Amino acid sequence: MKFDRFRFIYPPRQENAIPTDDIETYDNDTMVAQPKLNGSNCTIYTNGIDVHVMNRHNQRLTNFQITKEEIIKDLYKSNGNWQVINAEYLNKSKKDEKNQTFNHKLIIFDILTFNSDYLVGKTFGERITLLDELYGKVECEKEYLYKISDNIYRVKSYEGSFKSLYERLTPIDMIEGLVMK
(Lines give C-alpha, C1' and ligand atoms only; values in the text may rest on other atoms or scores of the structure.)
Protein backbone atom coordinates (compact mmCIF):
# COMPACT_ATOMS: atom_id res chain seq x y z
CA MET A 1 0.00 0.00 0.00
CA LYS A 2 1.30 3.43 -0.94
CA PHE A 3 1.53 6.51 1.24
CA ASP A 4 1.52 9.06 -1.58
CA ARG A 5 0.27 12.17 0.22
CA PHE A 6 0.17 13.51 3.77
CA ARG A 7 -2.51 11.90 5.91
CA PHE A 8 -2.39 11.14 9.58
CA ILE A 9 -1.36 7.68 10.79
CA TYR A 10 -2.23 6.87 14.39
CA PRO A 11 1.10 5.77 15.87
CA PRO A 12 1.33 2.36 17.52
CA ARG A 13 1.24 2.62 21.31
CA GLN A 14 2.14 0.31 24.12
CA GLU A 15 -1.00 -1.06 25.67
CA ASN A 16 -0.20 -2.98 28.83
CA ALA A 17 2.04 -2.06 31.70
CA ILE A 18 3.63 -5.01 33.43
CA PRO A 19 4.88 -5.17 37.01
CA THR A 20 8.62 -4.62 37.33
CA ASP A 21 8.95 -8.07 38.89
CA ASP A 22 7.66 -9.62 35.64
CA ILE A 23 10.26 -8.03 33.32
CA GLU A 24 12.42 -11.15 33.32
CA THR A 25 9.49 -13.18 31.96
CA TYR A 26 9.75 -11.19 28.74
CA ASP A 27 13.54 -11.56 28.53
CA ASN A 28 13.16 -14.72 26.44
CA ASP A 29 14.93 -14.02 23.12
CA THR A 30 11.64 -13.07 21.43
CA MET A 31 11.35 -9.44 22.55
CA VAL A 32 13.26 -6.22 22.02
CA ALA A 33 13.27 -3.48 24.66
CA GLN A 34 13.72 0.25 24.17
CA PRO A 35 13.96 2.92 26.86
CA LYS A 36 10.70 4.89 27.10
CA LEU A 37 11.59 8.57 27.26
CA ASN A 38 9.31 11.08 28.96
CA GLY A 39 8.20 13.50 26.27
CA SER A 40 5.43 13.89 23.73
CA ASN A 41 4.81 11.13 21.23
CA CYS A 42 4.82 12.46 17.68
CA THR A 43 4.96 11.46 14.04
CA ILE A 44 7.05 13.35 11.51
CA TYR A 45 5.81 13.25 7.92
CA THR A 46 8.05 14.55 5.15
CA ASN A 47 8.52 14.19 1.43
CA GLY A 48 11.69 16.27 1.45
CA ILE A 49 9.73 19.48 0.83
CA ASP A 50 6.82 19.48 3.25
CA VAL A 51 7.17 18.64 6.94
CA HIS A 52 4.25 17.89 9.26
CA VAL A 53 4.85 17.18 12.95
CA MET A 54 1.77 15.74 14.61
CA ASN A 55 0.98 14.59 18.13
CA ARG A 56 -0.68 11.23 18.75
CA HIS A 57 -4.14 12.89 18.70
CA ASN A 58 -3.90 14.09 15.08
CA GLN A 59 -3.04 17.67 16.05
CA ARG A 60 0.03 19.70 15.23
CA LEU A 61 2.65 19.30 17.93
CA THR A 62 2.99 22.72 19.57
CA ASN A 63 6.25 24.33 20.66
CA PHE A 64 8.26 22.03 18.36
CA GLN A 65 11.65 23.72 18.03
CA ILE A 66 13.52 21.60 15.48
CA THR A 67 13.62 23.38 12.16
CA LYS A 68 12.15 22.06 8.93
CA GLU A 69 15.62 22.42 7.41
CA GLU A 70 17.21 20.18 10.07
CA ILE A 71 14.51 17.54 9.61
CA ILE A 72 14.98 17.48 5.85
CA LYS A 73 18.79 17.55 6.05
CA ASP A 74 19.30 15.01 8.86
CA LEU A 75 16.16 12.88 8.99
CA TYR A 76 14.80 12.62 5.45
CA LYS A 77 16.15 9.70 3.38
CA SER A 78 13.34 8.87 0.90
CA ASN A 79 14.40 10.52 -2.40
CA GLY A 80 11.25 12.52 -3.11
CA ASN A 81 8.87 9.99 -1.55
CA TRP A 82 7.11 10.15 1.79
CA GLN A 83 8.73 9.03 5.01
CA VAL A 84 6.94 8.81 8.38
CA ILE A 85 8.93 8.55 11.60
CA ASN A 86 7.52 7.79 15.07
CA ALA A 87 9.41 9.58 17.83
CA GLU A 88 9.33 11.13 21.27
CA TYR A 89 9.84 14.89 21.42
CA LEU A 90 11.47 15.78 24.72
CA ASN A 91 9.68 18.94 25.82
CA LYS A 92 9.08 18.43 29.54
CA SER A 93 12.40 19.75 30.89
CA LYS A 94 13.38 16.34 32.26
CA LYS A 95 16.93 15.67 33.42
CA ASP A 96 19.47 13.24 32.00
CA GLU A 97 21.89 11.01 33.91
CA LYS A 98 24.10 14.05 34.69
CA ASN A 99 21.09 15.92 36.11
CA GLN A 100 21.18 18.28 33.11
CA THR A 101 18.02 19.28 31.26
CA PHE A 102 17.79 17.42 27.95
CA ASN A 103 15.02 19.34 26.22
CA HIS A 104 13.75 20.02 22.69
CA LYS A 105 15.34 16.88 21.32
CA LEU A 106 13.70 14.41 18.96
CA ILE A 107 14.24 10.74 19.81
CA ILE A 108 13.30 8.30 17.01
CA PHE A 109 12.07 4.84 17.95
CA ASP A 110 10.25 3.54 14.86
CA ILE A 111 9.62 4.14 11.16
CA LEU A 112 6.11 3.75 9.72
CA THR A 113 6.61 4.48 6.01
CA PHE A 114 9.67 4.66 3.78
CA ASN A 115 9.86 5.61 0.10
CA SER A 116 6.07 6.06 0.24
CA ASP A 117 5.57 2.41 1.24
CA TYR A 118 3.67 1.54 4.41
CA LEU A 119 5.80 -0.77 6.51
CA VAL A 120 2.74 -2.71 7.67
CA GLY A 121 3.68 -6.37 7.64
CA LYS A 122 7.31 -5.67 8.46
CA THR A 123 8.41 -6.86 11.86
CA PHE A 124 9.66 -4.43 14.46
CA GLY A 125 13.11 -5.99 14.00
CA GLU A 126 13.00 -5.30 10.26
CA ARG A 127 12.04 -1.68 10.89
CA ILE A 128 14.90 -1.29 13.41
CA THR A 129 17.30 -2.74 10.82
CA LEU A 130 16.01 -0.17 8.32
CA LEU A 131 16.65 2.62 10.86
CA ASP A 132 20.18 1.22 11.36
CA GLU A 133 20.76 1.32 7.59
CA LEU A 134 19.37 4.85 7.22
CA TYR A 135 21.04 6.51 10.22
CA GLY A 136 23.81 4.19 11.36
CA LYS A 137 24.71 3.61 14.97
CA VAL A 138 26.64 6.71 15.98
CA GLU A 139 27.46 6.48 19.67
CA CYS A 140 27.04 9.56 21.83
CA GLU A 141 27.51 10.56 25.47
CA LYS A 142 24.23 8.81 26.38
CA GLU A 143 24.58 5.03 26.49
CA TYR A 144 20.92 4.51 25.48
CA LEU A 145 20.90 6.80 22.39
CA TYR A 146 22.51 7.02 18.97
CA LYS A 147 23.20 10.53 17.67
CA ILE A 148 21.95 11.72 14.29
CA SER A 149 22.41 15.50 14.79
CA ASP A 150 22.58 18.00 17.64
CA ASN A 151 18.81 17.79 18.11
CA ILE A 152 17.89 14.40 16.63
CA TYR A 153 18.72 11.06 18.24
CA ARG A 154 17.60 7.47 17.98
CA VAL A 155 16.86 5.24 20.95
CA LYS A 156 18.85 2.01 21.17
CA SER A 157 17.13 -1.36 21.09
CA TYR A 158 18.19 -4.13 23.47
CA GLU A 159 17.73 -7.87 23.02
CA GLY A 160 18.35 -9.08 26.56
CA SER A 161 19.15 -8.29 30.20
CA PHE A 162 15.94 -6.28 30.51
CA LYS A 163 15.83 -6.27 34.31
CA SER A 164 19.35 -4.84 34.70
CA LEU A 165 18.66 -2.38 31.87
CA TYR A 166 15.50 -1.23 33.66
CA GLU A 167 17.32 -0.87 36.98
CA ARG A 168 20.18 1.07 35.37
CA LEU A 169 18.09 3.46 33.25
CA THR A 170 14.89 4.23 35.15
CA PRO A 171 16.59 6.29 37.88
CA ILE A 172 17.26 8.81 35.07
CA ASP A 173 14.52 11.46 35.26
CA MET A 174 13.82 11.51 31.52
CA ILE A 175 13.35 7.71 31.26
CA GLU A 176 9.96 6.36 32.31
CA GLY A 177 10.58 2.68 31.78
CA LEU A 178 11.03 0.17 28.97
CA VAL A 179 8.84 -0.59 25.99
CA MET A 180 9.07 -4.21 24.92
CA LYS A 181 7.94 -5.35 21.51
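User: Let's start in the loop with Leu 61. Is Leu 61 buried or exposed?
Analyst: In this predicted model, Leu 61 has a relative accessible area of 12%. The cut-off for buried is under 20%, so Leu 61 counts as buried.

User: Which two elements does the loop holding Leu 61 sit between?
Analyst: Leu 61 isn't part of a strand or helix here; Leu 61 is found in a loop. That loop runs between β3 (51-55) and α1 (68-74).

User: How many Å apart are Leu 61 and Cys 42, C-alpha to C-alpha?
Analyst: Along the chain, Leu 61 and Cys 42 are 19 residues apart. Leaving aside neighbours within four places in sequence, Leu 61 is in contact with Ser 40, Cys 42, Val 53, Met 54, Asn 55 and Tyr 89. So Cys 42 is on the contact list of the buried Leu 61. In space, their C-alpha atoms are 7.2 Å apart.

User: Now over to strand β3. Which residue's side chain makes a polar contact with the side chain of His 52?
Analyst: His 52 has its place in strand β3 and is buried, with a relative accessible area of 14%. Leaving aside neighbours within four places in sequence, its contacts are Phe 6, Thr 43, Ile 44, Tyr 45, Arg 60 and Trp 82. Of the residues on that list, the one whose side chain makes a polar contact with the His 52 side chain, at 3.3 Å, is Arg 60.

User: What does the side chain of Thr 113 reach at 3.0 Å?
Analyst: Thr 113 lies in strand β5 and is buried, with a relative accessible area of 0%. Not counting residues up to four places away in sequence, Thr 113 touches Phe 3, Ile 9, Trp 82, Gln 83, Val 84, Tyr 118 and Leu 119. At 3.0 Å, its side chain reaches the backbone nitrogen of Val 84.

User: Which element gives the most residues to the largest nonpolar core?
Analyst: That core has 24 residues, and those with the most contacts inside it are Ile 44, Leu 75, Ile 85 and Leu 106. The elements giving two or more residues are β2 (40-46), β4 (83-90), β5 and α2 (124-135). With 6 residues, the one that gives the most is α2.

User: How many residues are in the second, separate core?
Analyst: This core is separate from the largest one, and among its members are Ile 107, Cys 140, Leu 169 and Ile 172. Its count is 22 residues.

User: Ile 107 also turns up in a strand pairing. Which residue in β8 is the bridge partner of Ile 107?
Analyst: Strand β5 (residues 105-114) and β8 pair in the parallel sense over 3 bridges. In β8, the bridge partner of Ile 107 is Tyr 153.

User: How many residues lie between β7 and β8 in their hairpin?
Analyst: Strand β7 (residues 145-147) and β8 pair in the antiparallel sense, over 3 bridges. Tyr 146 has Arg 154 as its bridge partner in β8. The hairpin formed by β7 and β8 has between them 4 residues.

User: Which residues of β8 point the other way from Ile 152 and Arg 154?
Analyst: In a regular strand the side chains alternate between the two faces of the sheet. Strand β8 covers residues 152-155, and all of these are buried. Ile 152 and Arg 154 point one way, and the other way point Tyr 153 and Val 155.

User: Time for the rings. What is the angle between the planes of Phe 8 and Tyr 10?
Analyst: The structure holds 8 aromatic pairs. Phe 8 is buried at 17% relative accessible area, whereas Tyr 10 is exposed at 59%. Their rings are 4.6 Å apart, centre to centre, and the pair is edge-to-face. The angle between the planes is 90°.

User: Which ring does the charged end of Lys 142 sit over?
Analyst: The charged end of Lys 105 sits over the ring of Phe 102, 5.9 Å from its centre. For Lys 142, the charged end is 4.6 Å from the centre of the ring it sits over, and that ring belongs to Phe 102.

User: Last stop, a loop. What is the phi of Asn 99?
Analyst: Most residues other than glycine have a negative phi. Asn 99 lies in the loop between β4 and β5 and counts as exposed at 56% relative accessibility. Its phi is positive, near 65°.

Methods. Residues are numbered from 1 along each chain as its sequence is written. This is a predicted model: local features need pLDDT of at least 70, side-chain atom pairs count only at pLDDT 80 or more; totals for chains, interfaces and linings use all residues. Side-chain values use heavy atoms; hydrogens and water are left out. Buried means under 20% relative accessible area, exposed over 50%, partly exposed in between (1.4 Å probe, protein chains only). Two strands pair if DSSP finds at least two bridges between them. Contact means heavy atoms within 4.5 Å. A polar contact is a pair of N or O atoms within 3.5 Å; within protein, one must be able to donate a hydrogen and the other to accept it, and residues adjacent in sequence count only if both atoms are side-chain atoms. A nonpolar core is a set of buried Ala, Val, Leu, Ile, Met, Phe, Trp, Tyr and Cys residues joined through side-chain atoms within 4.5 Å. Rings of Phe, Tyr and Trp (its six-membered ring) pair if their centres lie within 6.5 Å; planes under 30 degrees apart count as stacked, over 60 as edge-to-face and the rest as tilted. A charge sits over a ring if NZ of Lys or CZ of Arg is within 6 Å of the ring centre and within 35 degrees of the ring normal.
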